[in-house]
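Here are my notes on this model, as numbered points. Please read them with the structure open.

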Amino acid sequence: MERLQFQDRLAVRKPLRPDLTQNHLQSGHLFLQVIAGTRFNVTVAARTLTRNGFRTTIAPGPRPDLFRVLIGPLNDREAIAKNLVRLDSAGFENAFVRRY
């Protein structure tokens with residue numbers, strides 16, 4: 001997989017359709033999407049990230065068998081950039097901004 005450039009990762013992706021969000025994912029908030037995968041894989045990743053001090057959320061994906069690990073909500077570009085650097089150093093190098 002091609003690694004995203006830092007500036008590309010700061011670009012906000014288009015909002016997800018409302019039917020894919022959970023109630024605690026309030027409209028308009030910014031998150032970093034770290035990975036997407038099976039429930040088991042995202043649960044393992046979320047636990048690892050939580051142990052490393054990240055505030056994680058598991059959100060539904062585009063299909064019933066896919067889930068996303070999100071970090072946040074994050075309030076500004078500084079918080080996003082800081083968390084991207086922390087994720088990189090923890091081995092999660094392809095996180096990107098997602099607006100819910």
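**Notes on the fold and its packing**

1. **Overall layout.** The protein chain has three helices and four strands. Along the sequence they follow the pattern α-β-α-β-β-α-β. Keep in mind that this is a predicted model. Of the 100 residues in the protein chain, 36% count as buried. Among contacts with a separation of 6 or more, 72% are between residues 24 or more positions apart.

2. **Strand E1.** Start with E1, residues 30–37. Six of its eight residues are buried, so the rest of the structure largely encloses this strand. E1 pairs with E3 (residues 67–74) in the antiparallel sense, over six bridges. E1 and E4 also run antiparallel, and four bridges join them.

3. **Leu30, with a partner in each strand.** Which residues does Leu30 face? In E3, Leu30 stands opposite Leu74. In E4, the bridge partner of Leu30 is Arg99.

4. **Arg99.** This residue has its place in strand E4. Its relative accessible area is 30%, so Arg99 is partly exposed; the buried class ends at 20% and the exposed class begins over 50%. Arg99 and Phe31 are 68 residues apart along the chain, yet 6.2 Å separates their C-alpha atoms.

5. **The aromatic pair.** How many aromatic pairs does a search of the whole structure find? The search finds one. Phe31 and Tyr100 form this pair, and the geometry is edge-to-face: 5.6 Å centre to centre, with 85 degrees between the planes. Phe31 lies in E1 and Tyr100 in the segment after E4 (96–99), so the pair ties together parts that are 69 residues apart in sequence. Are these two residues buried or exposed? Both Phe31 and Tyr100 are buried.

6. **Helix H2, length.** H2 covers residues 39–51. Its 13 residues should span 18 Å at 1.5 Å a residue, and the end C-alpha atoms are indeed 18 Å apart.

7. **Helix H2, two sides.** The buried residues here are Val42, Ala45, Ala46 and Leu49. Seen down the axis of H2, the buried residues fall within an arc of 100 degrees, so they line one face of the helix. The spacing fits a general rule: an α-helix has 3.6 residues a turn, so residues three or four places apart point the same way. On the other side of H2, Phe40, Arg47 and Arg51 are exposed.

8. **What H2 packs against.** The buried residues of H2 pack against four elements: E1, E2 (56–60), E3 and helix H3 (77–89). Just after H2, Gly53 takes a positive phi of about 90 degrees.

9. **Asn41.** This residue lies in H2. Its relative accessibility is 44%, so Asn41 counts as partly exposed. The C-alpha atoms of Asn41 and Val69 are separated by 9.6 Å, although the two residues are 28 apart along the chain.

10. **Helix H3.** H3 has 13 residues and reaches 18 Å from its first C-alpha to its last, close to the 18 Å expected at 1.5 Å a residue. Which residues of H3 are buried? They are Ile80, Asn83, Leu84 and Leu87. The buried residues cover an arc of only 110 degrees around the axis, which puts them on the same side of H3. On the other side of H3, Glu78, Lys82 and Ser89 are exposed.

11. **Arginines over rings.** Please look at two places. Arg39 lies over the face of Phe67, at 4.9 Å from the ring centre. Arg86 lies over the face of Phe54, at 4.0 Å from the ring centre.

12. **A cis peptide bond.** Check the backbone at Gly72 and Pro73. A cis peptide bond joins these two residues, and omega is about 10 degrees. Pro73 has its place in strand E3, which is also the strand that pairs with E1 over six bridges.

Key: Residues numbered from 1 in each chain as written. Predicted model: local features only at pLDDT ≥ 70, side-chain atom pairs only at ≥ 80, totals over all residues. Heavy atoms only, no water. Phe/Tyr/Trp six-rings, centres within 6.5 Å; stacked < 30°, edge-to-face > 60°. Helix = DSSP H or I, 4+ residues; strand = E, 2+ residues; numbered from the N terminus. Buried < 20%, exposed > 50% of the residue type's maximum accessible area, 1.4 Å probe, protein only. Lys NZ or Arg CZ within 6 Å of the ring centre and 35° of its normal. Pairing = 2+ DSSP bridges. Expected span 1.5 Å × (residues − 1). Arc of directions from axis to C-beta. Contact = heavy atoms within 4.5 Å.
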